Amino acid sequence: MNTQDYIKMDETYGAHNYHPLPVVISKAEGVKVWDPEGREYYDFLSAYSAVNQGHRHPKIIDALIEQAGRCTLTSRAFHNDVMGVYLKKLCEYTGFDVALPMNTGAEAVETALKIARRWGVEKKGIENGKQEIICVKENFHGRTITIVSMSTDEVARVNYGPYTPGFVIVDYNDAKAIEDAITENTCAVIIEPIQGEAGVYVPDEGYLACVRSICTNHNVLMIDDEIQTGFCRTGKKFAVDHENVKPDLMTLGKALGGGVIPVSAVVGTKEVMEIFTPGSHGSTFGGYPIACAVAKASLEVLEDEHLAENAQELGKIFREELSTVKSDKVVQVRGKGLLNAVVFEEGFEAYDVCLALKEKGVLAKQTHGHIIRFAPPLVITKEELMDAIKIIKGVLEAL
Ligand SMILES: Cc1ncc(COP(=O)(O)O)c(C=O)c1O
């Protein structure tokens with residue numbers, strides 16, 4: 001079968017909830033992927049930042065195979081000999097006391113919302129059913145009914161009612177709007193430290209620190225969604241580290257699974273996490289031995305290979321180089337570390353640029369029509385980056 005055959009099968013038998021580029025990936029290694037015809041591409045999406053450690057990192061694959069040869073699934077009805085070791089590593093890596101393992105990003109967000117609501121009742125004294133959580137416009141936290149109830153993206157929301165109540169939506173990058181929205185029933189604020197899906201919106205310096213102090217002053221939990229920005233993507237372990245902010249809860253996912261399997265978690269302080277009691281939350285697969293072995297290895301790779309430093313250094317080069325592009329179609333180049341975006345004029349079809357990039361050997365995807373996100377695996381070398389930049393510049397300058 002060739003590329004066209006595979007695409008036709010997807011379109012025939014798969015629900016049409018995505019509009020992928022017409023490329024089929026059949027092999028992947030490091031920062032590169034190949035299609036069935038053997039054409040080579042740089043991966044500048046990294047599965048929405050889930051492949052920070054590069055495709056099929058040998059250390060992560062070894063951990064997967066070793067664990068698969070011993071024990072794959074236990075459920076939480078019993079203990080296993082991997083989960084505790086992994087959660088200790090995760091707590092040390094993040095600087096939090098306690099972690100709760102889940103599978104996908106959306107599940108981690110749901111978990112954090114549940115923690116916040118319950119904490120609101122049990123620790124803050126809010127009447128059950130009255131809890132409010134503040135979120136911001138253009139957020140992206142996942143796809144469940146409750147999470148799309150927070151969304152302002154009509155495409156993601158339309159016709160999924162009735163929506164989950166209890167969310168108050170304010171402008172992003174406006175700390176005062178958060179403070180003004182706080183009532184005696186507010187239990188939490190949930191934000192992305194950089195809005196990835198919205199088009200890599202980096203808030204003003206000081207915003208996150210300001211949100212932190214507002215939450216502290218009003219006894220409201222700060223939930224920091226680092227599912228896309230975490231694990232070295234922005235040049236620090238977590239994007240809040242740029243402002244030395246310590247949230248109360250962090251949601252983690254994507255690169256925690258090293259681009260191999262879905263692994264997510266919520267980390268928090270003991271005082272907050274102790275609101276869970278047996279039976280109050282759970283997941284059949286959360287904390288399963290394979291996930292724990294893979295996630296532990298994924299964290300070790302981030303540290304051993306200094307991927308935060310690499311993202312910081314190469315991200316700077318990427319933005320410097322792309323801001324010299326001679327094209328009147330490009331309005332802005334922005335981002336942090338290796339999470340960057342090229343913004344075109346409103347109404348411009350960035351999908352066509354992605355098609356042209358694909359023809360030249362770079363895979364990237366538009367978000368919101370006129371923005372392209374560029375987020376290669378963090379193991380990319382300077383030589384590989386410069387090679388890809390040459391291709392990207394060539395395509396942009398030919399527009
Ligand atoms: C910030 C953020 N939160 C949550 C999610 C949802 O993660 P998942 O797709 O694994 O459910 C995403 C996915 O893009 C994300 O970017």
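Let me begin with one contact in this predicted model: a backbone N or O atom of Ala106 lies 2.8 Å from an oxygen atom of the ligand. Taken with its surroundings, the protein covers 82% of the 390 Å² of accessible area that the ligand has on its own.

Two further contacts to the ligand come from side chains, and I will take them in turn. In Asp225, a polar side-chain atom lies 2.7 Å from a nitrogen atom of the ligand, while in Lys254 an N or O atom of the side chain is 2.8 Å from a ligand oxygen atom.

If we now step back to the shell as a whole, the ligand is surrounded by Thr104, Gly105 and Ala106, by Phe140, His141 and Gly142, by Glu192 and Glu197, by Asp225, Ile227 and Gln228, and by Lys254. Sorted by class, that shell contains three nonpolar, five polar and four charged residues.

Where, then, does the ligand sit? It sits in the largest pocket, which has a volume of about 1400 Å³ and is lined by 46 residues, with Tyr18, Tyr48, Phe140, Arg143 and Glu197 lying nearest its centre. You will recognise Phe140 and Glu197 from the shell around the ligand. The lining of this pocket divides into 19 nonpolar, 18 polar and nine charged residues.

As for which elements build the pocket, at least two lining residues each are supplied by α2, by α5 at 105-122, by α6 at 145-148, by α7, and by β14 at 365-367; of these, β14 gives the most, with three residues.

Besides the pocket there is one cavity of 30 Å³ or more, and about 40 Å³ of space lies in that largest cavity. The residues lining the largest cavity are Asn139, Phe140, His141, Gly142, Ile147, Val148, Ser151 and Ala156, and they divide into four nonpolar, four polar and no charged. Please note that Phe140, His141 and Gly142, which line the largest cavity, also belong to the residues that surround the ligand.

Finally, two points of backbone geometry, which I raise against a general background: most residues other than glycine have a negative phi, and most peptide bonds are trans. Ser46, however, has a positive phi of about 55° although it is not a glycine, and this residue lies in helix α2, residues 46-49, one of the elements that supply at least two residues to the lining of the largest pocket. The other point concerns the peptide bond from Gly161 to Pro162, which is cis, with omega near -5°; Pro162 is found in the loop between α7, at 154-157, and β6, at 167-170.

For those with the structure open, I would suggest starting the discussion from Ala106, Asp225 and Lys254, whose contacts with the ligand I have described, and then turning to Phe140, which is one of the residues nearest the centre of the largest pocket and also lines the largest cavity.

Technical notes: Residues numbered from 1 in each chain as written. Predicted model: local features only at pLDDT ≥ 70, side-chain atom pairs only at ≥ 80, totals over all residues. Heavy atoms only, no water. Near = heavy atom within 4 Å. Polar contact = N/O pair within 3.5 Å; in protein donor to acceptor, adjacent residues only side chain to side chain. Areas by Shrake-Rupley, 256 points an atom, 1.4 Å probe, with all protein chains shown as cover. 1 Å grid on protein atoms, 1.4 Å probe; cavity = no way out; pocket = protein on both sides within 12 Å on 5 of 7 lines; lining within 4 Å. Sits in = over half its atoms within 2 Å of the grid points. Nonpolar A, V, L, I, M, F, W, Y, C, P; charged D, E, K, R; others polar. Points joined across faces, edges and corners; volume = space filled by probe spheres on them. Helix = DSSP H or I, 4+ residues; strand = E, 2+ residues; numbered from the N terminus.
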